[in-house]
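User: Please take a close look at the aromatic rings in this model. I would like one connected account of how they pair and what sits over them.

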Amino acid sequence: MEEIFYRGALAILIIAFFIIRAPSVISASKTEKTEEKKQTRERLLVLLNFIGMMGIPFVYILTPWLDFFSYSFPEFFRFFGIGFNICGFILLIWVHRTLGQHWSMMLKLGEEHKLVTTGPYARIRHPMYTYFTIMAISTALISANLFVGVFGIAAWTLLYIIRIDDEEDMLLEEFGEEYSEYMKRTGRLIPKLR
Ligand code: SAH
């Protein structure tokens, strides 16, 4: 398959991601939230991820500037990356439908925040982050470009590692026993094996 096919596919997947997320971004901006936790840090991490998952991939898609970092990679893996991301979309749509108004880009709680434990949240505590992991890996596979792949995976890993404990501490503080019980029966990114 021609290189242009993979660049086009990656562009479509990134745009589709924004379209899937748009309704939640709009409704989240209308619901009252408490103050953001660790605001500056969170904003920097989200910006870094925006650059890593969208900005740099688009430089790769639209210009030859990153071609130096491209390597030859079996077509199968690049193709697999496309399918993997599309499967991820099913999860992402399910997550947004389940989390609804409780979603937010930064760490915060709504005025009447409820603990969601249904849909993908029944077995996994952070299914949206599962999707981001899928997205980072699939972008690396589809692009077959070292710069795009390493930057995206590193930016996402950094955000995940730095945020995850604070997010769980925030939810533990808010929901107490209910959340600690919920933690016992769920896994962070993949279902807990019983
Ligand atoms: N970490 C989750 C949600 C990401 S959106 C996931 O990966 O699916 C981030 C916001 O979701 C946090 O600010 C928090 O307020 C909220 N949140 C996370 N888990 C939640 C849950 N089980 N129920 C309700 N809100 C939750």
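Analyst: A charge counts as sitting over a ring if NZ of Lys or CZ of Arg is within 6 Å of the ring centre and within 35 degrees of the ring normal. In this predicted model, arginine 7 has its charged end over the ring of tyrosine 60, at 4.4 Å from the ring centre. Tyrosine 6 has arginine 78 over its face, and here the distance to the ring centre is 4.2 Å.

Next come the pairs between rings. A pair of aromatic rings is described by the distance of the centres and the angle of the planes. The count of aromatic pairs comes to 21. One of them joins phenylalanine 17 and phenylalanine 132: their ring centres are 5.8 Å apart and their planes lie at 65°, so the pair is edge-to-face, given that planes over 60 degrees apart fall in that class. This pair links distant parts of the chain, since phenylalanine 17 belongs to helix 1 and phenylalanine 132 to helix 4 (residues 127-143), with their positions 115 residues apart. Both phenylalanine 17 and phenylalanine 132 are buried. Ring pairs also place the two in a cluster with Phe18, Phe50, Phe89, Tyr129, Tyr131, Trp156 and Tyr160.

Helix 1 (residues 3-30) also holds serine 24. Serine 24 has a relative accessible area of 9%, so it is buried, the limit for that term being under 20%. Leaving aside residues up to four places away in sequence, serine 24 touches His96 and Trp103.

Technical notes:
Residues are numbered from 1 along each chain as its sequence is written. This is a predicted model: local features need pLDDT of at least 70, side-chain atom pairs count only at pLDDT 80 or more; totals for chains, interfaces and linings use all residues. Side-chain values use heavy atoms; hydrogens and water are left out. Helices (H or I, at least four residues) and strands (E, at least two) are DSSP runs, numbered from the N terminus. Buried means under 20% relative accessible area, exposed over 50%, partly exposed in between (1.4 Å probe, protein chains only). Contact means heavy atoms within 4.5 Å. Rings of Phe, Tyr and Trp (its six-membered ring) pair if their centres lie within 6.5 Å; planes under 30 degrees apart count as stacked, over 60 as edge-to-face and the rest as tilted.
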